[in-house]
Amino acid sequence: MRYSMLALAAALFCGSALADDTGLRVTVGAVNVNPNAGSGHLGNVEAAAGLPAGSTELDVSSNTQLGLIFTYDMDPNWSVELLAATPFSHDITLKAGGTPVDGMKVGKTKQLPPTLSLQYRFMEGQDVRPYLGLGINHTIFFQEKVDGELASTLDSLGLTGDKELKLSSSTGLAAQAGFDWKINEKTYLKAAIWYADIDTDAKVKVDGQTVQKVKVNVDPVVAFIGVGYRF
Ligand code: NI
């Protein structure tokens with residue numbers, strides 16, 4: 001009798017431990033994309049504006065949105081995760097230290113950077129579970145807009161006409177680290193960071209003709225903090 005009670009207790013314990021560590025989880029929180037932006041030089045703009053060669057590049061501002069993380073725990077250690085978010089909005093400016101156009105507004109873009117990762121979770125059975133992940137990021141840029149400051153600068157260089165900014169989509173690797181901190185059987189806190197390799201070709205067009213093309217290394221650090229629920 002005592003033995004069977006122990007067996008039952010062990011079965012219940014193992015059953016709940018398993019249920020606790022596998023299956024679907026959803027986390028909602030704030031996600032910040034902070035670009036380490038650098039780019040090629042805007043050679044055509046430099047030549048037209050009489051700026052020193054190699055004096056200009058593009059910079060991309062950071063932005064915070066609502067983030068949604070779907071995690072499927074395949075077993076107590078291995079998981080697959082999808083990071084999704086509401087669209088990020090970034091300002092694009094000119095970095096041109098020592099020239100009059102430093103800080104000039106180039107435009108704006110929105111982007112969605114869904115990221116799918118495979119994760120390994122450490123410290124099985126503990127309340128705090130650190131993890132490492134590696135995955136693929138696909139970033140789509142949309143609703144790109146030319147700022148009035150760039151438009152009037154192009155006008156003053158004789159490049160009058162309809163101006164457009166176009167950013168190509170990007171696919172690259174993303175590495176991540178994070179942890180889940182169990183509050184109770186169903187809920188937990190999550191904090192995580194990613195480094196995503198996001199590169200895009202930015203084109204400035206006037207009347208459909210590309211007047212400047214430059215490769216931008218957005219390469220952001222993405223940081224997330226939120227609350228999750230296990231189903
Ligand atoms: Ni890159």
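**Aromatic pairs, cores and a nickel site**

In this predicted model, Tyr120 has a relative accessible area of 30%, so Tyr120 counts as partly exposed, which takes a value between 20% and 50%. Tyr120 is a good place to begin, since aromatic pairs number three in the structure. One of them joins Tyr120 to Phe122 in an edge-to-face arrangement, with the ring centres 5.1 Å apart and 75 degrees between the planes. Phe122 is also partly exposed, at 36% relative accessibility. Another edge-to-face pair is made by Tyr229 and Phe231, at 5.0 Å centre to centre and again 75 degrees between the planes. Within that pair, Tyr229 is partly exposed at 37%, whereas Phe231 is exposed at 57%. Returning to Tyr120 and Phe122, ring pairs link these two residues with Trp78 into a cluster.

The interior can be followed through the nonpolar cores. The largest holds 25 residues, and Leu58, Leu94 and Val216 are the members that touch the most others. Two or more residues each come from strand 3 (57-60), strand 6 (88-95), helix 3 (148-156), strand 10 (163-167), strand 13 (199-206) and strand 14 (209-217). A separate core has ten residues, including Tyr131, Trp194, Val222 and Phe224. For Leu94, contacts beyond the neighbours within four places in sequence include Leu42, Leu58, Val101, Met104 and Val106. Thr56, Glu57, Asp102 and Gly103 are also in contact with Leu94.

Several of the strands can then be placed in a sheet. Four strands make an open sheet in the order 2-14-13-10, with antiparallel pairing. Strand 2 (38-39) and strand 10 are the edge strands, each pairing on one side only. Strand 10 is joined to strand 13 by five bridges, and Leu165 has Val204 in strand 13 as its bridge partner.

A nickel ion completes the picture. Its protein donors are an OD atom of Asp197, an OD atom of Asp199 and two OD entries from Asp219, at 2.1 to 2.6 Å from the ion. Because the angles subtended by the four donor atoms run from 52 to 116 degrees, the arrangement is irregular. Along the chain, the donors follow the spacing D-x1-D-x19-D. Asp197 sits in the loop between strand 12 (187-196) and strand 13, and Asp219 in the loop between strand 14 and strand 15 (221-230), so this pair ties together parts that are 22 residues apart in sequence. Asp197 is partly exposed, with a relative accessible area of 32%, while Asp219 is buried at 13%.

Note on methods. Residues are numbered from 1 along each chain as its sequence is written. This is a predicted model: local features need pLDDT of at least 70, side-chain atom pairs count only at pLDDT 80 or more; totals for chains, interfaces and linings use all residues. Side-chain values use heavy atoms; hydrogens and water are left out. A nonpolar core is a set of buried Ala, Val, Leu, Ile, Met, Phe, Trp, Tyr and Cys residues joined through side-chain atoms within 4.5 Å. Buried means under 20% relative accessible area, exposed over 50%, partly exposed in between (1.4 Å probe, protein chains only). Contact means heavy atoms within 4.5 Å. Donors are N, O and S atoms within 2.8 Å of the metal (3.2 Å for Na, K and Ca); water is not among the atoms, so sites may look incomplete. Four donors count as tetrahedral if all angles lie between 85 and 135 degrees; four count as square planar and six as octahedral if opposite donors are over 155 degrees apart and all others between 65 and 115; anything else is irregular. Two strands pair if DSSP finds at least two bridges between them. Rings of Phe, Tyr and Trp (its six-membered ring) pair if their centres lie within 6.5 Å; planes under 30 degrees apart count as stacked, over 60 as edge-to-face and the rest as tilted.
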